[in-house]
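Welcome! Please take a moment with the sequence and the model below, and then we can walk through the ligand site and a few backbone details together.

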Amino acid sequence: MSKTPFKTIEWTNDGIVMLDQRKLPTRVRFIACKDADCVIEAIKTMGIRGAPAIGVAAAMGLALGAEQIHATTREDFLQAFNALCDRFAASRPTAVNLFWAIRRMKNIAVSRPYPSVKETLKAEALRVWREDIEINRNIGNYGKRLIPDKAGILTHCNAGALATGGFGTALGVIYAAFEEGKNIQVFADETRPVLQGARLTTWELHQHGVPVTLITDNMAGMLMKEGKIDLVIVGADRIARNGDTANKIGTYSVAVLARHHQIPFYVAAPVSTFDPHIASGSEIPIEYRNENEVFICGSKRIAPRGIQALNPAFDVTPAEFITAIITEKGIISSPDTASIEAIFSEDAEESTYG
Ligand code: MRU
């Protein structure tokens, strides 16, 4: 199997090192975090982004932060650690993997003796990272059977190696099909306003040698009408109990278009992206980001001053538009509350924070 030609995140002697996704594709730069504050800032400002990658970064950031808590008692340590967890939880609201990772680290913190718990937290963070790569490989293996040879595939945003611990979810499925020798053509929506599709998805597909064509967000309908798209595959930030799925703004429009053109619409996501405490998509908190992301394209302002802009970072695609959700445990066709419940039963205990 081919290796991802770059590392999104790793723990080195220089601290937690992340590929700076604000700078790609024009500059390949790294953020080296020596404390938890730096990791929180990288998540907030999207130096690292994508639901599973945010989870991995939070786990590592918490372990690094724990190393730097100098408490005299276990109680004092837990108080400081909980406060740090709260600060990570406030960094971005929509991707549930963040809260899942915090819960996982908290469970370790409260169940191990102090101060050796610091080492255990680091080991757990590295496990979260390694497991995520393994999970993505499994998602790829399940998902590749849904990709016909010579498929034209539309994807939105970036759900690749950059958005995860490595390999990717939606792009992981594409990589797995490509590694198998399938002849595929990917169309990447540019994904306004932050341009994850134009800047990140094209960059990493190109690094892997996968043929990719960039389109603007308003071209998908025409391509579907012309018969160029055989399937759509995207990632997810949070999936409700009934299968309603939050993903990057614009995903809902693509799903509606796919339904109209009778094109399969797939979501690829790990079990940690399901939120068992949310019955439907209307309960998913949607992050609204600064309006300057809409006003400014690259470094150029594209709208007059004195007006307003809206900047919801995510939208919710109702389950009825989703052909199947591809997880590391298998494929859920026509997802609904009953088919998803089976997956929850094993993971519900540790899936949410707070
Ligand atoms: O705002 P972002 O870039 O963090 O949004 C990312 C997405 O919407 C991805 O599609 C999602 O997190 C899945 S990543 C495997």
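How far does a polar side-chain atom of Q196 lie from an oxygen atom of the ligand? The separation is 2.9 Å. Please keep in mind that this is a predicted model.

**The ligand and its contacts**

Q196 has company around the ligand. The table sets its contact beside those of G50 and N247, each with an oxygen atom of the ligand as partner.

| Residue | Atom on the protein side | Distance to a ligand oxygen |
|---|---|---|
| G50 | backbone N or O | 2.9 Å |
| Q196 | polar side-chain atom | 2.9 Å |
| N247 | side-chain N or O | 2.6 Å |

How much of the ligand does the protein cover? On its own the ligand has 410 Å² of accessible area, and the protein covers 100% of that. As for cavities, the largest one is the space that the ligand takes up.

**The shell around it**

If you are choosing residues to look at, the shell around the ligand has 19 of them, and R49, R92, D237, N247 and K248 are the closest. By character, the shell residues comprise eight nonpolar, seven polar and four charged ones. Two elements each supply at least two residues of this shell: the helix α2 (51-67) and the strand β9 (245-248).

Why does the ligand lie between domain 1 and domain 2? Residues for the shell come from both domain 1 (9-136) and domain 2 (146-352), so the ligand is placed between the two.

**Backbone details in the loops**

Away from the list of contacts, some peptide geometry deserves a look when you set up your own calculations. Which peptide bonds are cis? One is the bond from L24 to P25, with omega near 5 degrees. P25 belongs to the loop that connects β2 (15-19) with β3 (30-33). Another cis peptide bond links R192 to P193, and its omega is about 5 degrees. Here the proline, P193, is found in the loop between β5 (185-189) and α7 (196-208).

K150 adds a further backbone detail: its phi is positive, about 65 degrees, even though K150 is not a glycine. You will find K150 in the loop between α5 (117-143) and β4 (152-155).

Conventions: Residues numbered from 1 in each chain as written. Predicted model: local features only at pLDDT ≥ 70, side-chain atom pairs only at ≥ 80, totals over all residues. Heavy atoms only, no water. Near = heavy atom within 4 Å. Polar contact = N/O pair within 3.5 Å; in protein donor to acceptor, adjacent residues only side chain to side chain. Areas by Shrake-Rupley, 256 points an atom, 1.4 Å probe, with all protein chains shown as cover. 1 Å grid on protein atoms, 1.4 Å probe; cavity = no way out; pocket = protein on both sides within 12 Å on 5 of 7 lines; lining within 4 Å. Sits in = over half its atoms within 2 Å of the grid points. Helix = DSSP H or I, 4+ residues; strand = E, 2+ residues; numbered from the N terminus. Nonpolar A, V, L, I, M, F, W, Y, C, P; charged D, E, K, R; others polar. Domains from an automatic or database assignment.
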